[in-house]
Amino acid sequence: MLGEALRLIRVFHDMKQTELAAKLGVSQSHLSGIERGEKTPSQDLVAKYADLFDVPISSIWFFDESLREGPSAGRIEKARGVIADKVLDFLRIVERRREAP
């Protein structure tokens, strides 16, 4: 979910992967892996996203699935997951509208 959130932030700001990778100082293939959920971004990289897009870092970490694991998992964490899914659905709608002719 974190990778998808980062991808949607990039798309919302109408930025190509190659452009963002250059601004973040990572390779395009690394960024692609993060957006596909195959790689986990470092805390430093998430901080760079937050700075670049002027988004609170806590808003980005909200989408990190690993925060739902462990002893704190419960009703609050399940609700957080549902909310995160809805926010991502909303951002996907925004993405489709931006792509529509």
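A residue counts as exposed when its relative accessible area is over 50%, and as buried when that area is under 20%. With these cut-offs in mind, the predicted model described here can be read from its overall fold down to single residues, among them Asp-54, which has a relative accessible area of 71% and is therefore exposed. The secondary structure of the protein chain comes to six helices and zero strands, and 36% of its 101 residues count as buried.

**Overall fold**

- Followed along the sequence, the protein chain shows the pattern α-α-α-α-α-α, in keeping with its count of six helices and zero strands.
- Among the contacts in the protein chain with a separation of 6 or more, 52% are made by residues 24 or more positions apart.
- The protein chain has an accessible surface of about 6400 Å², and carbon and sulfur atoms account for 55% of that surface.

**The nonpolar core**

- The largest nonpolar core is made up of 20 residues, and the ones with the most contacts inside it are Leu-6, Leu-20, Tyr-49 and Ile-60.
- Two or more residues of this core come from each of helix H1 (2-12), helix H2 (17-24), helix H3 (28-35), helix H4 (43-53) and helix H6 (75-99).
- When residues up to four places away in sequence are not counted, Leu-6 touches Ile-34, Glu-35, Pro-41, Tyr-49 and Ile-60, and of these partners Tyr-49 and Ile-60 are also listed with Leu-6 among the residues with the most contacts inside the core.

**The largest pocket**

- The largest pocket holds about 200 Å³ of space, and its lining consists of Ala-5, Leu-8, Ile-9, Phe-12, His-13, Val-55, Ser-59, Ile-60, Phe-63, Val-87 and Leu-91.
- Two or more residues of this lining are given by each of H1, helix H5 (57-61) and H6, with the largest share, four residues, coming from H1.
- By class, the lining of the largest pocket divides into nine nonpolar residues, two polar residues and no charged ones.
- Ile-60 appears in this lining and is also one of the residues with the most contacts inside the largest nonpolar core.

**The second largest pocket**

- The second largest pocket, with a volume of about 170 Å³, is lined by Arg-7, Arg-10, Val-11, Asp-14, Met-15, Lys-16, Glu-95, Arg-98 and Glu-99.
- The elements that contribute two or more residues to the lining of the second largest pocket are H1 and H6.
- Seven residues of this lining are charged, two are nonpolar and none is polar.
- Val-11, one of the lining residues, lies in helix H1 and has a relative accessible area of 15%, so it counts as buried.
- Leaving aside neighbours within four places in sequence, Val-11 is in contact with Glu-95 and Arg-98; although Val-11 and Arg-98 are 87 residues apart along the chain, their C-alpha atoms are separated by 8.9 Å.

**Two residues with positive phi**

- Most residues other than glycine have a negative phi.
- Asp-14, which is not a glycine, has a positive phi of about 55 degrees; Asp-14 lies in the loop between H1 and H2, and its relative accessibility of 62% means that it counts as exposed.
- Asp-54 likewise has a positive phi, near 55 degrees, in a residue other than glycine, and its place is in the loop between H4 and H5.

How values were computed: Residues numbered from 1 in each chain as written. Predicted model: local features only at pLDDT ≥ 70, side-chain atom pairs only at ≥ 80, totals over all residues. Heavy atoms only, no water. Core = buried A, V, L, I, M, F, W, Y, C linked by side-chain atoms within 4.5 Å. Buried < 20%, exposed > 50% of the residue type's maximum accessible area, 1.4 Å probe, protein only. Contact = heavy atoms within 4.5 Å. Areas by Shrake-Rupley, 256 points an atom, 1.4 Å probe, with all protein chains shown as cover. 1 Å grid on protein atoms, 1.4 Å probe; cavity = no way out; pocket = protein on both sides within 12 Å on 5 of 7 lines; lining within 4 Å. Points joined across faces, edges and corners; volume = space filled by probe spheres on them. Nonpolar A, V, L, I, M, F, W, Y, C, P; charged D, E, K, R; others polar.
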